[in-house]
Structures are given as C-alpha cells and as structure tokens.
Amino acid sequence: MSDRTLYRGEQGLLGLAFSPDGSRLYVHYSDSTNNGDNQVDEFTMSENVADPSSRRPLLTIETLQANHNGGQLFFGPDGLLYMTTGEPDGYRLTRPDGSLIEGESGALIRCRPDGSNVEVVSRGFVNLVEVAFTPSGEMIGTVTEDCISA
C-alpha cells in the first residue's frame with residue numbers, strides 16, 4: 001500500500017476495517033496514483049495477512065483539497081461498511097458502476113461490503129472524523145468544526 005498512498009499533510013492512510021468474519025480487510029487512503037483522491041479498496045485475508053494481489057477497488061472519492069479528508073472506516077451493526085468524508089468542497093463519490101454521488105459538505109456514507117448500494121446516510125458536516133453506534137442502535141459522531149447544515 002505504501003506505493004499507492006500519498007502522504008502529505010492530512011492525507012495518507014485514513015482508515016482500516018476488517019469484515020465481521022475477518023476474511024477481508026478494507027483500506028481507506030489517499031491514492032497517490034489518482035491525484036490524492038480518497039480510495040477504498042478490499043483485500044482478502046490469508047493466514048492473518050492481507051494478500052496484496054487480491055486488491056479490489058470499491059469506491060473512489062474525489063477530493064478537491066488536501067485537508068479535511070475524514071476517513072473513518074467501520075462496519076455497523078447492520079453489517080454494512082460505513083465511511084466518513086470531509087470537506088471543504090464536498091465530495092464526488094464514484095460508485096463501482098461509474099455513477100456519481102455528489103454533495104457540498106462532509107458526509108457519512110455506507111455500502112454493502114462488495115461496494116454496491118452506496119448511499120449517503122447523513123451530510124452537512126465539516127470533517128466528520130469518528131462515528132459510533134450506541135447499544136440501542138443510535139449513531140453518534142464527532143467533527144473537527146461546527147456543522148454547516150443539517
């Protein structure tokens with residue numbers, strides 16, 4: 001991954017998550033081969049090691065600035081893969097089928113583990129950096145600055 005990751009300012013390795021059964025590793029990073037855009041890739045785990053040859057790109061999030069990349073990556077209690085995006089200029093997320101999801105602020109995005117059914121769960125954030133679920137299923141999160149819209 002080091003050859004694909006752009007390390008500059010707030011860019012770099014943004015998040016890691018293992019599938020609930022531990023068979024896959026998901027990596028959210030700033031892609032050095034794609035102008036520093038955020039990339040989410042999936043790797044197959046083999047004997048507790050991610051197999052580099054199994055890399056499968058899932059999502060690309062175009063970033064217009066080098067700061068406020070968000071980046072948390074985690075599985076929710078619903079088994080879906082969640083990721084945070086930053087701002088300041090919003091997001092342009094390319095789905096596996098090539099279609100776009102666009103917005104003007106930071107967002108919480110989720111999809112199936114295979115990258116399908118991508119949707120924005122919540123938006124209007126300035127650099128959403130961490131999210132968690134309470135035992136009752138409520139979602140809470142933190143940002144680095146005040147929210148700009150609901």
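## Exercises on an all-strand model

Asn48 counts as exposed, at 76% relative accessibility. That value, like every other one below, is computed from a predicted model, and the exercises start from this residue before they turn to the wider fold.

### Exercise 1: A loop with unusual backbone angles

Decide whether Glu47 is buried or exposed, and describe the phi values of Glu47 and Asn48.

Solution. Begin with the location: Glu47 is in the loop between β3 (38-46) and β4, and Asn48 lies in the loop between β3 and β4 as well. Next, take the accessibility: Glu47 has a relative accessible area of 77% and is therefore exposed, because the cut-off for exposed is over 50%. The same cut-off applies to Asn48, whose 76% makes it exposed. Finally, look at the backbone: phi is near 55° in Glu47, a positive value in a residue other than glycine, and Asn48, which is not a glycine either, has a positive phi of about 65°. As background for this step, most residues other than glycine have a negative phi.

### Exercise 2: A serine in the following loop

Find where Ser54 lies, and say which backbone atom its side chain reaches.

Solution. Ser54 is placed in the loop between β4 (49-50) and β5 (56-62). From there, the side chain of Ser54 reaches the backbone oxygen of Asp51, at 2.6 Å. A further step is to look beyond the neighbours within four places in sequence, and with these left aside Ser54 is in contact with Glu42, Phe43 and Thr44.

### Exercise 3: The overall make-up

State how many helices and strands the protein has, and what share of its residues is buried.

Solution. The secondary structure consists of zero helices and 13 strands, so that reading from the N terminus gives β elements throughout. Of the 150 residues in the protein, 43% are buried. For the contacts, consider those between residues at least 6 apart in sequence: 43% of them join residues at least 24 apart. The accessible surface comes to about 7700 Å², and 47% of this belongs to carbon and sulfur atoms.

### Exercise 4: A hairpin and its alternating strand

Work out how β8 and β9 are paired, and which side chains of β9 are buried.

Solution. Strand β8 (residues 91-94) pairs with β9 in the antiparallel sense, over four bridges. Together the two strands form a hairpin with five residues between them, and in the turn Gly98 has a positive phi of about 95°. Now follow the side chains along β9 (residues 100-103): Ile101 and Gly103 point to one face and are buried, whereas Leu100 and Glu102 point to the other face and are not. Ile101 is also the bridge partner of Leu93.

### Exercise 5: An open sheet and a residue inside it

Give the order of the strands in the four-stranded open sheet, then describe the surroundings of Ile109.

Solution. The order is β6-β7-β10-β11, and the pairing is antiparallel. At the edges are β6 (73-75) and β11 (119-125), each of which pairs on one side only. Neighbouring strands of this sheet are turned by 20° against each other on average, with direction ignored. Within the sheet, five bridges join β10 to β11, and Gly106 stands opposite Phe125 in β11.

The second part concerns Ile109, which is in strand β10 (residues 106-111). Its relative accessible area is 0%, so Ile109 is buried. Apart from neighbours within four places in sequence, the contacts of Ile109 include Leu81, Tyr82, Leu93 and Val120. For Leu81, the C-alpha atoms of the two residues are 8.4 Å apart, although 28 residues separate them in sequence.

### Exercise 6: An aromatic pair

Classify the pair formed by the rings of Tyr82 and Phe133.

Solution. The model has four aromatic pairs. In this one, the ring centres are 5.5 Å apart and the planes stand at 75°, so the pair is edge-to-face, because planes over 60 degrees apart count as such. The two residues belong to distant parts of the chain, with Tyr82 in strand β7 (residues 81-85) and Phe133 in strand β12 (residues 128-133), 51 residues apart. Their accessibility should be read separately: Tyr82 is buried at 1%, while Phe133 is partly exposed with 24%. As a last step, Phe74 joins Tyr82 and Phe133 in one aromatic cluster.

Terms used
Residues numbered from 1 in each chain as written. Predicted model: local features only at pLDDT ≥ 70, side-chain atom pairs only at ≥ 80, totals over all residues. Heavy atoms only, no water. Buried < 20%, exposed > 50% of the residue type's maximum accessible area, 1.4 Å probe, protein only. Contact = heavy atoms within 4.5 Å. Pairing = 2+ DSSP bridges. Axes fitted to C-alpha atoms, helices over the stretch in contact; angles between N-to-C directions. Polar contact = N/O pair within 3.5 Å; in protein donor to acceptor, adjacent residues only side chain to side chain. Areas by Shrake-Rupley, 256 points an atom, 1.4 Å probe, with all protein chains shown as cover. Phe/Tyr/Trp six-rings, centres within 6.5 Å; stacked < 30°, edge-to-face > 60°.
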